[in-house]
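Me: Please take a close look at one part of this model, the packing around a single helix and its setting. I would like the geometric criteria stated alongside the values.

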Amino acid sequence: SLEDLFATLNRHVDNNDLAKVVKVADQVLAIAPGDEDAIRCKVVALIRSEAIDKALNAIKAASSLPIDLSSYKAYCLYRQNKLEEALDLIRGLEKTPMVLHLESQIFYRLGKMDSCIDSYEKLQKLKIDSDDLKANIMASLVAGG
Amino acid sequence: SPIVLDIAYNSIEFPSLENRM
Ligand SMILES: [K+]
């Protein structure tokens with residue numbers, strides 16, 4: 001049943017067995033085309049497997065569905081160094097921590113250090129903090145002079 | 001310039017499947 005497939009999918013997610021996540025997500029989609037959780041699991045597993053082209057294909061395949069995969073797409077575009085395209089996509093998105101991290105990384109690559117620091121400040125206002133974030137802020141300050 | 005860590009990657013999470021099982 002669909003419930004059994006999702007239980008299997010969940011186990012693979014917990015084990016970070018990314019190839020099996022994709023496989024079982026596809027099995028769900030064969031029974032329930034357009035299932036949002038299955039599509040999100042597939043796209044995230046492909047991104048986490050560094051299969052950026054395949055992730056973009058899965059996002060494209062779902063483009064007619066009422067599911068917003070823009071933040072994933074923006075990340076994939078960033079990985080392909082299509083920075084302005086990624087930024088255009090981000091402008092319309094809710095500023096979740098993931099989106100703010102991505103935005104700051106894009107600005108950094110574009111050499112727009114003031115905007116980069118702005119994004120980091122928004123993350124700190126959301127009480128998002130980590131050693132990695134501190135390292136990136138330091139890098140931006142150094143690069144920004 | 002220094003390499004920025006890809007924190008966005010680490011922030012991409014699987015959806016919760018709790019209510020699907
Ligand atoms: K980077």
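Reply: The account below begins with the model and its chain A, and then turns to helix α3 and its surroundings. This is a predicted model, in which local features need pLDDT of at least 70 and side-chain atom pairs count only at pLDDT 80 or more, while totals for chains, interfaces and linings use all residues. Residues are numbered from 1 along each chain as its sequence is written, with chains lettered from A and ligands numbered from 1 in the order in which they are written.

The model has an ipTM of 0.89 and a pTM of 0.93. For chain A the mean pLDDT (the predictor's confidence in each residue, from 0 to 100) is 95, and 100% of its residues reach 70 or more.

Chain A contains nine helices and zero strands; helices (H or I, at least four residues) and strands (E, at least two) are DSSP runs, numbered from the N terminus. The C-alpha trace of chain A spans about 55 × 30 × 25 Å along its principal axes. Of the 145 residues in chain A, 38% are buried, a residue being buried if 20 or more other C-beta atoms lie within 10 Å of its own, exposed if 12 or fewer, and partly exposed in between, with C-beta atoms placed from the backbone. Among the contacts in chain A with a separation of 6 or more, 34% join residues 24 or more positions apart; two residues are in contact if their C-beta atoms, placed from the backbone, lie within 7 Å.

Two packed helices are described by the angle between their axes and the distance between the axes. Here axes are lines fitted to C-alpha atoms, for helices over the stretch in contact, and angles run from 0 to 180 degrees between N-to-C directions.

Helix α2 (residues 18-31) of chain A and helix α3 (residues 36-48) of chain A have axes that come within 9 Å and cross at roughly 155 degrees. α2(A) is therefore roughly antiparallel to α3(A), since angles over 145 degrees count as roughly antiparallel, under 35 as roughly parallel, 65 to 115 as roughly perpendicular and the rest as oblique. The crossing of α2(A) past α3(A) is left-handed, that is, the near helix is turned anticlockwise from the far one by less than a right angle (clockwise would be right-handed). Residues of this contact include V22(A), A25(A) and L29(A) from α2(A), and C41(A), A45(A) and L46(A) from α3(A). By class, the contact has 10 nonpolar, no polar and three charged residues; Ala, Val, Leu, Ile, Met, Phe, Trp, Tyr, Cys and Pro count as nonpolar, Asp, Glu, Lys and Arg as charged, and the others, Gly among them, as polar.

α3(A) also packs with helix α4 (residues 52-61) of chain A, their axes coming within 7 Å and crossing at roughly 165 degrees. That angle makes α3(A) roughly antiparallel to α4(A), and their crossing is left-handed. From α3(A), K42(A), V43(A), L46(A) and I47(A) meet I52(A), K54(A), A55(A), A58(A) and I59(A) of α4(A). This contact divides into seven nonpolar, no polar and two charged residues.

The contact between the chains takes 26 residues from chain A and 15 residues from chain B. On the chain A side, α1 (2-14), α3, α7 (97-110) and α9 (131-144) each supply at least two residues, and α9(A) gives the largest share, seven residues. The chain A side comprises 17 nonpolar, four polar and five charged residues.
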